[in-house]
Amino acid sequence: MTDAITIRRPDDWHLHLRDGEMLAKVVRHSARQFARAIVMPNLAPPVTTSDAARAYRERIIAALPAASGFTPLMTAYLTDDSDAGDIVAGAEAGVFTAAKLYPAGATTNSAQGVTAIANIRGVLEAMEKVGLPLLVHGEVTDADIDIFDREAVFIDRVLAPLLRDMPGLRIVFEHVTTADAVAFVDSADADIAATITPHHLHINRNAMLVGGIRPHAYCLPVAKRETHRLALRKAATGGSPRFFLGTDSAPHERAAKESACGCAGIFNAPFAIESYAQVFDQEAALDRFEAFASLNGPAFYRLPVNEDRITLRRGETKVPDLIGDVVPFHAGDTLGWTLD
Ligand code: DOR
Ligand code: ZN
């Protein structure tokens, strides 16, 4: 039995750091584990321009603990009115690492997202030309599509046609939650990858709905049935370079979650790497953990791997019931790995 594992320092390829007071409270949790993170731009107002991203990056850096070594990688929030020139200029200036497609209305602060792919055609062509990755929240928002089907329908209606039309576009299918998405990414003849969250590896929809409605297990895309969770575990631990770590840690204050209309999002940043390690251990795949956590992401993003290492040891990590005003993922549970 492996009792300790040392890997290159991982990165988080999908993170919500928020702004202001919340940013100040949460960023150190990511910096404790990760060297870099793709920072999502769904603030209010959203980060739509390179100037806004520069300013946000400064606020993140100012909120970091001293000498953390943590690097935020910024993303552009695409809207129907996105300016291709500014996004490419931002990419060339090293401000933007990627741009994020939120279908309008799909999730938190996505009201100003894209209402139809045709509206951002010019931006996508420019991104294809310079190789800037498109990060996709892959859910349709049509009222007549069941919330549990929205990812699978998105593949058929939006993603597959997009890959056909723009074969050179580099895409990350974010926080995949279905066997359909895993199969699509596995078999696509394109430069496509996917992130997988810790929560979608640990829970299925029962966690949200059995024995009472449990708002802290509610996120978007919503957790699906068990067959899908098992497909995600296989994808994450199976060794394909197309799958990598992205927590989608999305803190909301407890009162905003425990509400008649609770916010979507799971705050998993404090113990994300311990949580993932537990999954790889359970799947007898610790030998593939470094690729998922620390190698596949940089390879897709064409960035160097991190040179320093972290060590995880078998041992108890007790997750508190509350961190600040936020209930963390695994609240009150004990994880089987500790980070040195
Ligand atoms: O659960 C989620 N929370 N999913 C998202 O797509 C957004 C995120 C947030 O920002 O709260
Ligand atoms: Zn997200």
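**Notes on the ligand 1 site and the overall fold**

1. Starting with the site: 14 residues surround ligand 1, and Arg-18, Asn-42, Thr-108, Leu-220 and His-252 come nearest (a residue is near if one of its heavy atoms lies within 4 Å). Keep in mind that this is a predicted model, where local features need pLDDT of at least 70 and side-chain atom pairs count only at pLDDT 80 or more, while totals for chains, interfaces and linings use all residues. Residues are numbered from 1 along each chain as its sequence is written, chains are lettered from A and ligands numbered from 1 in the order written, and side-chain values use heavy atoms, without hydrogens and water.

2. That shell is made up of eight polar, four nonpolar and two charged residues (Asp, Glu, Lys and Arg count as charged; Ala, Val, Leu, Ile, Met, Phe, Trp, Tyr, Cys and Pro as nonpolar; the others, Gly among them, as polar).

3. Now the polar contacts (pairs of N or O atoms within 3.5 Å). A nitrogen atom of ligand 1 sits 2.7 Å from a backbone N or O atom of Leu-220. The side chain of His-252 puts an N or O atom 2.8 Å from an oxygen atom of ligand 1, and His-16 has a polar side-chain atom 3.4 Å from a ligand oxygen. On its own ligand 1 exposes 290 Å², and the protein buries 99% of that (Shrake-Rupley, 1.4 Å probe).

4. As for the fold, the protein chain has twelve helices and eleven strands (DSSP runs of at least four and at least two residues, respectively). The C-alpha atoms fill a box of roughly 50 × 45 × 40 Å along the principal axes.

Key: Polar contact = N/O pair within 3.5 Å; in protein donor to acceptor, adjacent residues only side chain to side chain.
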